[in-house]
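Morning, everyone. I'd like to walk you through one structure today. Please take a look at it first.

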Amino acid sequence: WTGKTFTLIDTGGFVPGSEDVFEAAIRSQASIAMEEASQILFMVDVTTGITDLDEAVARMLRRSDKEVIVVVNKVDNHDRLLEANVFYKFGFKENFFVSSISGSGTGELMDAIVAGIKDSEEAEEAGIPKFAIIGQPNVGKSSLVNALIGEERNIVTDIAGTTRDAIHTHYKMFQKEFLLIDTAGVRKKSKVHENIEFYSVIRAIKAIDDADVCLLMIDATTGIEVQDLNLLKLVERRKKGLVILVNKWDLMEKETHTARDYEQQLKERIAPFTDVPVIFISALEKKRIYKALETALDVYKNRQRKIPTSKLNDILLKAIERHHPPAFRGKMIKIKYATQLPTHTPTFAFFCNHPKEIKEPYKNYLENQIREHFDFAGVPVSIVFRKK
Ligand code: GDP
């Protein structure tokens with residue numbers, strides 16, 4: 001929103017003091033979110049007025065030191081706007097009246113949220129590649145970090161974040177410099193014991209948001225699981241670089257083609273985004289852990305890669321010539337040229353006469369052509385069609 005990025009956590013509903021197991025689960029989600037969030041949107045319903053529940057939540061929120069914005073929902077008309085004023089009684093800093101159905105008021109709310117985002121302390125870290133180590137509990141994240149930063153001569157600073165939750169470690173190796181964002185270990189210090197799954201997902205999201213490239217660790221012995229695929233999708237949706245680390249490779253019985261076959265099966269699971277480096281490591285035995293970092297650096301470079309327009313068109317216009325976009329309802333579709341946009345993550349614009357009529361399969365064809373000729377391994381690539 002207005003050039004700022006933030007992550008919204010929806011806690012799904014909240015009933016304090018309830019005996020119900022389901023509600024207890026929601027409650028612990030809300031308190032985790034409260035612990036993790038930098039701002040809290042306290043949503044209330046104008047049609048019910050202030051309920052006992054609202055009072056209880058407000059008491060809870062007053063105890064937290066986080067900024068609270070009251071969002072009064074269902075303010076669909078003028079009468080309700082008058083009724084909405086009762087919520088000022090809570091005494092929180094800001095109140096916004098919205099109608100989620102029509103969207104009215106949401107723009108102002110977004111502006112207020114964005115105004116509350118502090119310019120991050122990351123300025124001093126700008127320009128240094130940032131890598132996040134993510135993965136399910138027990139996959140070996142701590143072990144990998146320990147194996148890497150156990151070599152203390154490499155560490156420049158080790159900031160155990162007071163303002164940020166993940167640990168950022170400034171790392172120098174073979175004249176290369178980068179920042180490791182590590183989500184492991186943190187939970188061990190936390191009071192939160194229940195709901196590890198939800199908690200680690202929030203951690204992962206924050207780490208992914210902060211990172212340029214994510215090292216997704218999976219457990220060789222279990223193979224890639226649904227939770228891993230969910231993390232992968234989060235990385236892909238945010239257009240971050242990706243390296244898959246298959247950890248605990250020491251536990252596998254290996255024959256000649258084990259790694260090759262394993263990788264092939266893995267790629268089938270992660271399709272269609274299969275142009276991703278896969279490294280087989282053992283954090284425990286410190287096998288190929290530096291290879292993992294070097295690969296992450298490669299992916300970082302790939303993500304910054306800019307293809308000159310002339311070179312791009314040399315390749316792509318030929319590819320388009322070989323295989324035209326199919327005509328749509330008798331309309332011939334002509335792509336005139338392509339160019340890479342000056343965005344953070346690789347985005348290619350194709351200029352053509354009927355941009356809306358080009359379908360997914362052709363888009364995939366173009367993406368594959370780009371990947372075949374230029375190295376974008378580990379990097380989600382965006383393709384857009386523009387009218388010309
Ligand atoms: P985290 O929760 O992702 O930080 O996982 P940990 O680093 O705490 O590791 C969980 C367990 O897996 C520990 O008992 C580790 O010793 C073990 N482990 C981690 N990496 C490896 C590995 O490469 N090989 C083997 N055999 N065990 C490992």
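One term before we start: contact here means heavy atoms within 4.5 Å. Also keep in mind that this is a predicted model.

Let's begin with the sheet. It has three strands, in the order S1-S2-S3. The sheet is open, and its pairing is parallel. Which strands stand at the edges? Those are S1, residues 39-45, and S3, residues 94-97. Each has a single partner strand, so one side of each is left without a neighbour in the sheet. How are neighbouring strands turned against each other? On average by 25°, direction ignored.

Now look at S2, residues 67-73. S2 pairs with S3 over four bridges, in the parallel sense. For one place to find on screen, take Val71: Phe96 in S3 stands opposite.

Next, a helix on this sheet. H2 covers residues 52-63 and lies across S1 and S2. Against S1, H2 runs at about 170°. Angles over 145 degrees count as roughly antiparallel, so H2 is roughly antiparallel to S1.

Let's move to a pair of helices. H5 is residues 141-149, and H10 is residues 289-304. Their axes come within 10 Å and cross at roughly 90°. H5 and H10 are therefore roughly perpendicular to each other.

Which residues meet there? From H5, we have Leu144, Ala147 and Leu148. From H10, we have Ile289, Tyr290 and Leu293. By class, the contact of H5 with H10 has six nonpolar residues. Polar residues: none. Charged residues: none as well.

That's the tour. Thanks.

Conventions. Residues numbered from 1 in each chain as written. Predicted model: local features only at pLDDT ≥ 70, side-chain atom pairs only at ≥ 80, totals over all residues. Heavy atoms only, no water. Pairing = 2+ DSSP bridges. Helix = DSSP H or I, 4+ residues; strand = E, 2+ residues; numbered from the N terminus. Axes fitted to C-alpha atoms, helices over the stretch in contact; angles between N-to-C directions. Parallel < 35°, antiparallel > 145°, perpendicular 65-115°, else oblique. Nonpolar A, V, L, I, M, F, W, Y, C, P; charged D, E, K, R; others polar.
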